[in-house]
Amino acid sequence: MTTVIFIDKDGTLIEDLPYNVDPRRIRLAPGAEEALAIWAERGWPMAIITNQSGVARGYFTLKELDAVADHLEAVITDAGGVWGGFYACPHLPEGINEYAIDCDCRKPAPGMIRDAAAKLGARPEESWFIGDTWMDMAAGRAMGCRTILVGREWRDGPSYPPEAQPDHAVPDLAAAARITVADAEGADTDDDPEDQPEHDVKELVL
């Protein structure tokens, strides 16, 4: 097993609802359902890599976050996909509890990707990191993954610092999935940033 899809959670896989840990309020982001089906067909594990400073801020607990992980595992496996795990950084130096520390897992640091890649036997250079912020791109690049920027900021990639420049930028996760498959097949893809229309894209690590 070499190729793994590392995915940011909020604003990438699911709609961004800040600090939500209620599975009933979780909705897949635009294009995510199609993307999950595409990756399921390839048999590529999908690992969620997410900053969850709400723990350090005291907004919710790791146990409550476990419910989100369980829900997303069900979403991916129900789509026929391979579950690659849920990696969440609960830390924030400005927090109010024992998680108020510096760490090497909070993106843009690559610690969560490193741990997930080791557990899954992934080769980072053959894997992808997909997210919606410069921190996602920086973390993926620091680990040696190929990167795809999606979501509301997808046109902002050129303004990111050199260490956070994405390899590709597209409006949603479906377009990102098509890029990953086209790359694996050595084919061209029509999902080129210059051709995209404007869109209004609506194991815990301690």
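**Helix 4, the sheet and the cores of a predicted model**

In helix 4, which spans residues 111-120, the buried residues are Gly-111, Met-112, Ile-113, Ala-116, Ala-117 and Leu-120. The structure described here is a predicted model. An α-helix has 3.6 residues a turn, so residues three or four places apart point the same way. The buried residues of helix 4 pack against strand 1, strand 2, strand 3 and strand 4, and also against helix 5. After helix 4 comes Gly-121, which has a positive phi, near 70°.

The protein chain as a whole contains six helices and six strands. Along the sequence these elements follow the pattern β-α-β-α-α-β-α-β-α-β-β-α. The chain has 206 residues, of which 51% are buried. Its accessible surface is about 9500 Å², and carbon and sulfur atoms account for 47% of this surface.

The six strands make up an open sheet with parallel pairing, and their order across the sheet is 3-2-1-4-5-6. Strand 3 and strand 6 (168-169) are at the edges; each has a single partner strand, so one side of each has no neighbour in the sheet. Strand 4 and strand 5 (residues 146-149) run parallel and are joined by four bridges. Within this pair, Ile-130 has Ile-148 of strand 5 as its bridge partner. Helix 5 (residues 134-143) packs on the sheet, where it touches strand 2, strand 4 and strand 5, and its direction is at about 170° to that of strand 4. Helix 5 also lies on the path of the chain from strand 4 to strand 5, a β-α-β crossover that is right-handed. Strand 5 pairs in turn with strand 6, in the parallel sense and over two bridges. Here Leu-149 stands opposite Ala-169 of strand 6.

Another helix that meets the strands is helix 1, which lies across strand 1, strand 2 and strand 4 and runs at about 135° to strand 2.

In soluble globular proteins, nonpolar side chains tend to be buried together. In this model the largest nonpolar core has 38 residues, and the members that touch the most others are Leu-13, Trp-39 and Ile-130. Two or more residues of this core come from each of strand 1 (5-7), helix 1 (32-42), strand 2 (45-51), helix 2 (54-57), helix 3 (62-78), strand 3 (82-89), strand 4 (128-131) and helix 6 (173-184). A second core, of 16 residues, lies apart from the largest one and includes Ala-47, Tyr-87, Cys-89 and Ala-122. Returning to the largest core, the contacts of Trp-39 beyond four places in sequence are with Ile-5, Ile-7, Trp-44, Met-46, Ile-130, Leu-173, Ala-177 and Thr-180.

A last site of interest is Ser-53, located in the loop that connects strand 2 with helix 2. The relative accessible area of Ser-53 is 9%; this is under the 20% cut-off, so the residue counts as buried. Setting aside residues up to four places away in sequence, Ser-53 touches Tyr-19, Cys-89, Pro-90, His-91, Leu-92 and Arg-106. One of these, Cys-89, is also a member of the core of 16 residues. The C-alpha atoms of Ser-53 and Ala-100 are 8.9 Å apart in space, while the two residues are 47 residues apart in sequence.

Notes. Residues are numbered from 1 along each chain as its sequence is written. This is a predicted model: local features need pLDDT of at least 70, side-chain atom pairs count only at pLDDT 80 or more; totals for chains, interfaces and linings use all residues. Side-chain values use heavy atoms; hydrogens and water are left out. A nonpolar core is a set of buried Ala, Val, Leu, Ile, Met, Phe, Trp, Tyr and Cys residues joined through side-chain atoms within 4.5 Å. Buried means under 20% relative accessible area, exposed over 50%, partly exposed in between (1.4 Å probe, protein chains only). Contact means heavy atoms within 4.5 Å. Two strands pair if DSSP finds at least two bridges between them. Axes are lines fitted to C-alpha atoms, for helices over the stretch in contact, and angles run from 0 to 180 degrees between N-to-C directions. Accessible areas come from the Shrake-Rupley method with a 1.4 Å probe; for residues, only the protein chains shown count as cover. A crossover is right-handed if, with the strands pointing away from the viewer, the path from the first strand over the helix to the second runs clockwise.
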